[in-house]
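Q: Could you take me through one part of this predicted model up close? I'd like to know what sits around it and how the pieces fit together.

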Amino acid sequence: MLIRRYTPEDKDQLFLMLIAEGPEWSDYYGDTSRHRYEKALDSSHTYLAYESDVLCGYARCREDDGFGVYVYDLLVAKPYRGRNIGRRLMEQACLEFPDQAVYVMSDVDAYYEKLGYAREGSIFIVNLPEQEKNPQA
C-alpha cells in the first residue's frame with residue numbers, strides 16, 4: 001500500500017473512482033461540478049492510496065492557518081474496504097501536520113465511531129445555493 005500526495009496527473013483515475021461509487025458522489029463529477037472539484041483538489045491537501053497501480057482510496061483535506069486540519073472527503077473503493085485504508089489516509093494528514101488537530105467532516109458517523117474517534121461538534125447548513133435546493137432546475 002502506497003499513500004502519496006495527489007497531482008493533476010491523478011485526476012482522471014480519481015474521477016473514475018468517484019463515478020464508480022455512483023450518484024452519491026455525483027456532486028463532484030457531474031457536468032457542472034467537475035471543474036469546481038478539480039479546483040478544490042488543486043487547492044487542498046489530497047492523499048491517494050494505491051494498491052499496486054490501482055487507486056483504491058483518497059482523502060481531501062484543508063489546513064486552517066494553524067487552527068486545525070479538516071478532512072472534507074474520504075473514500076475507499078468498495079473492493080478495498082475493511083483494510084484500514086481510510087484510517088491510514090487520515091493518519092497521513094496527522095503525520096503531515098503533527099502540531100495541529102485533525103478533524104473529519106462526516107456523513108457516515110458510525111464509521112468514525114468504529115475507529116474510536118471522538119465526536120466534536122456538528123455541521124449545520126446555513127444556506128444552500130438555489131441549484132442545490134432544486135437539482136432538477
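A: **A close look at strand E3**

Let's start with burial: 7 of the 10 residues of E3 are buried, so this strand is largely enclosed by the rest of the structure. Keep in mind that the model is predicted.

Now for the sheet itself. E3 belongs to an open sheet of 5 strands, ordered E1-E2-E3-E4-E5 with mixed pairing. The edges are E1 (2–5) and E5 (102–104), each of which pairs on one side only. Neighbouring strands here are turned by 25 degrees against each other on average, ignoring direction.

Take the E2 side next. E2 (residues 45–51) runs antiparallel to E3, and 7 bridges join the two. Going along that pairing, Tyr50 has Leu55 as its bridge partner in E3, and Ala49 stands opposite Gly57. The two strands make a hairpin with 2 residues between them, and Ser52 in the turn has a positive phi of about 55 degrees.

Over on the E4 side, the pairing is again in the antiparallel sense, over 7 bridges. Here Tyr58 stands opposite Leu75 in E4. This hairpin has 5 residues between its strands, and Asp65 takes a positive phi near 50 degrees.

Then come the helices. H1 (residues 11–20) lies across E2, E3 and E4 (69–76), running at about 100 degrees to E3. H3 (residues 34–42) packs on the sheet too, touching E2, E3 and E4, with its direction at about 75 degrees to that of E3.

H4 (residues 85–96) is worth a stop of its own. Its 12 residues reach 17 Å from first C-alpha to last, close to the 16 Å expected at 1.5 Å a residue. Within H4, Ile85, Gly86, Leu89, Met90 and Ala93 are buried. They cover an arc of only 145 degrees around the axis, which puts them on the same side of H4. As a rule, an α-helix has 3.6 residues a turn, so residues three or four places apart point the same way. The buried residues of H4 pack against E1, E2, E3, E4, E5 and helix H5 (109–114).

What about the core? The largest nonpolar core has 33 residues, and Leu14, Leu18, Tyr58 and Leu89 touch the most other members. H1, H3, E2, E3, E4 and H4 each supply at least two residues of this core. Leu14 makes a nice link back to our strand: leaving out residues up to four places away in sequence, it touches Tyr6, Leu41, Leu55 and Tyr58. Of those, Leu55 is the E3 residue already met as the bridge partner of Tyr50, and Tyr58 is the one opposite Leu75.

Finally, zoom in on a single residue, Cys56, which lies in E3 (residues 54–63). With a relative accessible area of 0%, Cys56 is buried, because the cut-off for that is under 20%. Setting aside neighbours within four places in sequence, Cys56 is in contact with Met1, Met17, Ala49, Tyr50, Glu51, Leu75, Val76, Ala77, Tyr80 and Ile85. Several of these names are familiar by now: Ala49 is the residue opposite Gly57, Leu75 is the E4 residue opposite Tyr58, and Ile85 is one of the buried residues of H4. As for Arg4, it is 52 residues from Cys56 in sequence and 12 Å away in space, C-alpha to C-alpha.

Conventions
Residues are numbered from 1 along each chain as its sequence is written. This is a predicted model: local features need pLDDT of at least 70, side-chain atom pairs count only at pLDDT 80 or more; totals for chains, interfaces and linings use all residues. Side-chain values use heavy atoms; hydrogens and water are left out. Helices (H or I, at least four residues) and strands (E, at least two) are DSSP runs, numbered from the N terminus. Buried means under 20% relative accessible area, exposed over 50%, partly exposed in between (1.4 Å probe, protein chains only). Contact means heavy atoms within 4.5 Å. Two strands pair if DSSP finds at least two bridges between them. Axes are lines fitted to C-alpha atoms, for helices over the stretch in contact, and angles run from 0 to 180 degrees between N-to-C directions. The expected span of a helix is 1.5 Å times one less than its number of residues. The arc is that of the directions from the helix axis to the C-beta atoms. A nonpolar core is a set of buried Ala, Val, Leu, Ile, Met, Phe, Trp, Tyr and Cys residues joined through side-chain atoms within 4.5 Å.
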